[in-house]
Amino acid sequence: MSSNSGDDAMAGHLTPEVADRLAGTEARVLVLGDSVLDLWLWGRSERLCREAPVPVVDIDRSTPVPGGAANTAANLAALGATVDLIGLTGADDRGATLRAALTAAGVGTEHLLASPGRTTPTKCRVVSGEQILVRYDDGDRTPATAAELAELVRPLPALLAAADAVLVCDYDGAVADRLRSELAALRATLPLLVVDTHHPARWRELRPDVVTPNAGEAAEALGVTPPDGADRVEVFTEHRDRLFAITGAGAAVVTLDRDGAVLLDGTRPAHRTWAEPVAESQSAGAGDTFVAALTLALVDGLPLPAAAEVAQAAADVVVHRTGTAVCSTAQLRDRLGRTGSAVLGRAELAAAVRAHRGAGRRIVFTNGCFDVLHAGHVSYLNEAKRRGDVLIVALNSDDSVRALKGPERPVNTAADRAAVLAALSCVDHVVVFEEETPAALIADLRPDLYVKGGDYRPDMLPETPVVRAYGGEVRVLGYLADRSTTALIERIRSNAGTS
């Protein structure tokens, strides 16, 4: 969970090495919930059916993969965790297929109960070319019987004693909701508890550490109808206290599909992640990937905002793949490493801006030293991003920082500061400038909006005349109170002197 030190300084958390760190935690996670077999049927369609105006699909291949809680478990295993999965399937061929797929994914199936008389829940998708034509669901989702429940509960104490985290996947299936009272009785002994559920209010008595509803689930729990798009962030932020009360959670991460996610954590400002959206795709289970990576990052000790960014990066990996996919350590490392491509030279940035402008995107520009990234910076940058489509951060060079702040600054080099900024999903491009102000850079790029944070007025900023000369807009955004790099450095020095 988040800590004061993690809240104040996120520097270094979002480098590619984070993926290797997660894999090296040797975390053990207990996944408890509703497992599904996802069956993808791939083929081609070249004619219509005679009986009805529907396409005939000639199936070329089928792909059975873990779905639901089983997919969450597979994602945890792919990121390096040891996973214990408690679930329920039928003692049928599809149950055997699901077990084989889990075994291949590195997930043990010792506690996945095969119940005679049940049929394994299955989601079948028929795909022709690049298009999902139909999905049909079947299988037994009736609640676990008393005998089945007793079998599921039996290994709980031993598994909980070994677990670093418990992840509940409640998708209106046979298992998760039936085990709620059992977990409630053991709540005082539970480690980190993350609940991913269609009905977050059901789990209030357990007081989860984190809940991860999607926008629809959060809206239903709140009894509100949020608007489409990024405006949902404001709706959930406005109702955050009610969401905490309804779910009993200490923090909530509401996933917003192509709009990323919003983290609500106590009284701290909302933290927004930004997705890499794709056109309508054939991927499924990105939410499973998100919650798996989030849980593992929290076990590793990352503060919640950094954990949410890692989770978003993992989800970005799978939405660019077909089928029900998982994100591996190597893929997460590559995705986090690609943030370096956001750090551009002036000529490259000018070309990128021309492309963005040609696509009709609104360009937002800000600048600063960003020496030790802290919660005030992150809140401000998220607010800046919300004002447009593309956020450019111009970063003072090391010489420029020394001229502004004195010979002991910067603490971090321009390369390190740029890498950390670029790893934030709200930042699209980073550029380093040598001058005292970025006025010349602004004149070249002509952003639609120039923003600064602090106690300025627009007429106090030397960049304002440049922006207004070409018809741009200038806004001043607020910083969080009592957050500054100077204060943070002084606190570190003070603590070092007393240790």
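Arginine 446 lies in the loop between helix H18 and strand E19 (449–453) of this predicted model. Its phi is positive, about 50°, although arginine 446 is not a glycine. At 42% relative accessibility, the residue counts as partly exposed. A second loop residue with positive phi is phenylalanine 370. Here phi is near 45°, again in a residue other than glycine. Phenylalanine 370 is found between strand E16 and helix H15 (375–385). Its relative accessible area is 6%, so phenylalanine 370 is buried.

Both E16 and H18 also take part in covering helix H14. This helix runs over residues 346–358. At 1.5 Å a residue, its 13 residues should span 18 Å. The end C-alpha atoms of H14 are 18 Å apart, which agrees with that expectation. Four residues of H14 are of interest for burial: Leu349, Ala352, Val353 and His356 are buried. They cover an arc of only 105° around the axis, and therefore sit on the same side of H14. An α-helix has 3.6 residues a turn, so residues three or four places apart point the same way. On the other side of H14, Ala347, Arg354 and Gly358 are exposed. The cover over the buried residues includes strand E16 (363–368) and strand E17 (390–396). Strand E18 (429–433) and helix H18 (439–445) are also among the covering elements. After H14 comes glycine 360, with a positive phi near 80°.

Helix H3 spans residues 69–78 and is mostly covered. Nine of its 10 residues are buried. The buried set begins with Ala69, Ala70, Asn71, Thr72 and Ala73. Ala74, Asn75, Leu76 and Ala77 complete the list. Just after H3, glycine 80 takes a positive phi of about 110°.

Leu76 of H3 is also in contact with valine 29. Valine 29 lies in strand E1 (residues 28–33). With a relative accessible area of 0%, valine 29 is buried. Its contacts, leaving aside neighbours within four places in sequence, also include Ala81, Thr82, Val83 and Asp84. Ala165, Leu167 and Thr295 are in contact with valine 29 as well. Valine 29 and alanine 81 are 52 residues apart along the chain, yet their C-alpha atoms are separated by 6.9 Å.

A further buried strand residue is serine 115, in strand E5 (residues 112–115). Its relative accessible area is 7%; under 20% counts as buried, so serine 115 falls in that class. Beyond its neighbours within four places in sequence, serine 115 is in contact with Leu88, Thr89, Gly90 and Ala91. Glu148 is another of its contacts.

Helix packing was examined for H12 (residues 304–319) and H13 (residues 329–337). The two helices pack at an angle of about 110°, with their axes 9 Å apart. Angles of 65 to 115 degrees count as roughly perpendicular, and H12 and H13 are therefore roughly perpendicular to each other. On the H12 side, the contact involves Val310, Ala313, Ala314, Asp316 and Val317. These meet Gln331, Leu332, Arg335 and Leu336 in H13. The residues of this contact divide into six nonpolar, one polar and two charged.

How values were computed. Residues numbered from 1 in each chain as written. Predicted model: local features only at pLDDT ≥ 70, side-chain atom pairs only at ≥ 80, totals over all residues. Heavy atoms only, no water. Expected span 1.5 Å × (residues − 1). Buried < 20%, exposed > 50% of the residue type's maximum accessible area, 1.4 Å probe, protein only. Arc of directions from axis to C-beta. Contact = heavy atoms within 4.5 Å. Axes fitted to C-alpha atoms, helices over the stretch in contact; angles between N-to-C directions. Parallel < 35°, antiparallel > 145°, perpendicular 65-115°, else oblique. Nonpolar A, V, L, I, M, F, W, Y, C, P; charged D, E, K, R; others polar.
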